[in-house]
Amino acid sequence: MLALANKIAIVTGASSGIGRATARLFAEEGARVIVAARRRAELDALVAEIADADGTAVALAGDVRDEAYAKALVDLAVEKFGGLDIAFNNAGAVGPMGPISDLSLEGWRETLDTNLTSAFLGAKYQVPAMIERGGGSLIFTSTFVGNTVGMPGMTSYAASKAGLIGLTQVLAAEYGPKGVRVNALLPGGTDTPAATFKTPESQAFVENLHALKRVATPVEIARSALYLASDASSFTTGTALLADGGVSINRT
Ligand SMILES: NC(=O)c1ccc[n+]([C@@H]2O[C@H](COP(=O)([O-])OP(=O)(O)OC[C@H]3O[C@@H](n4cnc5c(N)ncnc54)[C@H](OP(=O)(O)O)[C@@H]3O)[C@@H](O)[C@H]2O)c1
């Protein structure tokens with residue numbers, strides 16, 4: 001039996017990187033998937049790829065900072081597929097980096113909106129739909145940055161992603177009695193278009209930070225998302241799951 005047979009999932013940030021790999025994996029494992037991001041052409045290509053592999057997906061393009069979009073994604077899941085079981089709230093951006101004195105309030109707010117307020121908006125509409133189904137699994141993509149490692153120059157990113165862990169804990173406690181599990185997933189460095197390590201020197205530096213001496217492929221992170229989405233993690237809620245190649249414990 002497939003891990004997500006008969007499940008209905010929303011995946012945000014599905015036009016690229018970790019979200020794209022996760023949408024594909026969820027569909028391979030039997031879920032019907034709503035794929036979300038701003039770039040419509042990338043989403044359409046993903047839907048076609050999933051269909052070619054005998055999966056089911058539908059795209060709705062929009063901005064996760066927009067409350068109407070958060071609602072529309074859930075409405076689509078309900079209208080098209082009959083409900084919602086899984087939400088992988090994964091869309092995110094590093095935002096402006098640098099010394100705090102150089103950072104603008106506008107850049108700070110944009111990063112918080114993209115990474116944290118989007119999660120609040122998503123959960124606001126996803127949780128009631130999951131309760132309707134008798135439970136579900138809500139996942140937020142956080143990071144080791146701001147949780148186990150302080151990376152200079154990444155203040156707004158770290159603060160927004162650490163905020164997701166507080167959101168996770170409260171929602172897990174609030175909706176555990178209704179069967180909704182809520183977890184954060186904390187990837188280590190992952191080879192996606194968003195990765196900040198673009199030169200050979202910075203790539204080598206970042207790889208060396210990890211105990212495994214490499215960064216992850218997107219599908220390696222997708223497999224951890226699958227674990228949190230599926231019944232394999234049925235007694236796991238309120239956690240911050242590190243899938244970080246040991247970057248948090250490594251000191252060499
Ligand atoms: N790569 C890493 O090393 C790493 C490590 C730890 C955590 N993470 C986290 O993992 C998540 C995925 O990142 P990634 O590395 O896969 O990056 P990516 O390839 O750049 O993907 C980011 C995704 O988020 C979407 N997105 C960004 N802003 C959005 C907005 N306002 N509205 C809708 N969608 C938006 C992008 O789609 P559009 O541009 O089409 O809107 C894209 O699909 C992020 O939350 C990131 O912080 C990444």
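Trainee: Which helix does Thr111 lie in?

Mentor: Thr111 is in helix 4, which covers residues 105-132. Keep in mind that this is a predicted model.

Trainee: Is Thr111 buried or exposed?

Mentor: Buried, because its relative accessible area is 3%, and buried means under 20%.

Trainee: What is Thr111 in contact with, leaving aside neighbours within four places in sequence?

Mentor: There are contacts with Ala93, Val94, Gly95 and Pro96. Leu116 is also on the list, along with Ser156, Tyr157 and Ser160.

Trainee: And how far is Thr111 from Lys161, C-alpha to C-alpha?

Mentor: The separation is 9.6 Å. Along the chain, the two are 50 residues apart.

Trainee: Switching to pockets. How much space lies in the largest pocket?

Mentor: About 1,200 Å³. Its lining has 49 residues. Nearest its centre are Gly92, Ala93, Val94, Tyr157 and Ala194. Ala93, Val94 and Tyr157 also appear among the contacts of Thr111.

Trainee: Which elements give two or more residues to that pocket lining?

Mentor: Helix 1, helix 4, helix 5 and helix 6. Helix 6 spans 200-209. The largest share is from helix 6, with four residues.

Trainee: What classes of residue line the largest pocket?

Mentor: The lining has 22 nonpolar, 21 polar and six charged residues.

Trainee: What about closed spaces? How many cavities of 30 Å³ or more turn up in the whole structure?

Mentor: Two. The largest has a volume of about 120 Å³. It is lined by 17 residues, and closest to its centre are Thr12, Val64, Asn89, Ser118 and Ala119.

Trainee: Which element gives the largest share of that lining?

Mentor: Helix 4, with five residues. Elements giving two or more residues also include helix 3 (67-81), strand 5 (136-141) and helix 5 (155-175).

Trainee: And the classes in the lining of the largest cavity, how many of each?

Mentor: Eight nonpolar, eight polar and one charged.

Trainee: Which residues line the second largest cavity?

Mentor: Arg24, Ala27, Glu28, Ile50, Ala53, Asp54 and Gly55. The space there is about 40 Å³. Helix 1, residues 17-28, gives the most, with three residues. By class, that lining has three nonpolar, one polar and three charged residues.

Trainee: New topic. Where are the most contacts inside the largest nonpolar core?

Mentor: At Phe26, Val33, Val35, Phe88 and Leu185. That core has 32 residues. Among the elements giving two or more residues to it are strand 1 (8-12), strand 2 (32-37), strand 3 (56-61) and strand 4 (86-89). Helix 1, helix 2 (40-52) and helix 7 (218-229) are also on that list.

Trainee: Why group nonpolar side chains like that?

Mentor: Because in soluble globular proteins, nonpolar side chains tend to be buried together.

Trainee: Back to Leu185. What does it touch, not counting residues up to four places away?

Mentor: Leu185 touches Phe88, and a run from Ile139 and Phe140 through Thr141, Ser142 and Thr143. It also touches Ile221, Ser224, Ala225, Leu228, Leu241 and Ala243.

Trainee: How many residues are in the second, separate core?

Mentor: That core has 27 residues, including Ile8, Ala123, Phe140 and Leu164.

Trainee: Last one. Which residues does UniProt list for the Ketoreductase domain?

Mentor: The UniProt record gives residues 7-188, in an unreviewed entry. Over that stretch the chain is 49% helix and 19% strand. Its end C-alpha atoms are 28 Å apart.

Technical notes. Residues numbered from 1 in each chain as written. Predicted model: local features only at pLDDT ≥ 70, side-chain atom pairs only at ≥ 80, totals over all residues. Heavy atoms only, no water. Buried < 20%, exposed > 50% of the residue type's maximum accessible area, 1.4 Å probe, protein only. Contact = heavy atoms within 4.5 Å. 1 Å grid on protein atoms, 1.4 Å probe; cavity = no way out; pocket = protein on both sides within 12 Å on 5 of 7 lines; lining within 4 Å. Points joined across faces, edges and corners; volume = space filled by probe spheres on them. Nonpolar A, V, L, I, M, F, W, Y, C, P; charged D, E, K, R; others polar. UniProt positions renumbered as here; feature names shortened; annotations may be inferred. Core = buried A, V, L, I, M, F, W, Y, C linked by side-chain atoms within 4.5 Å.
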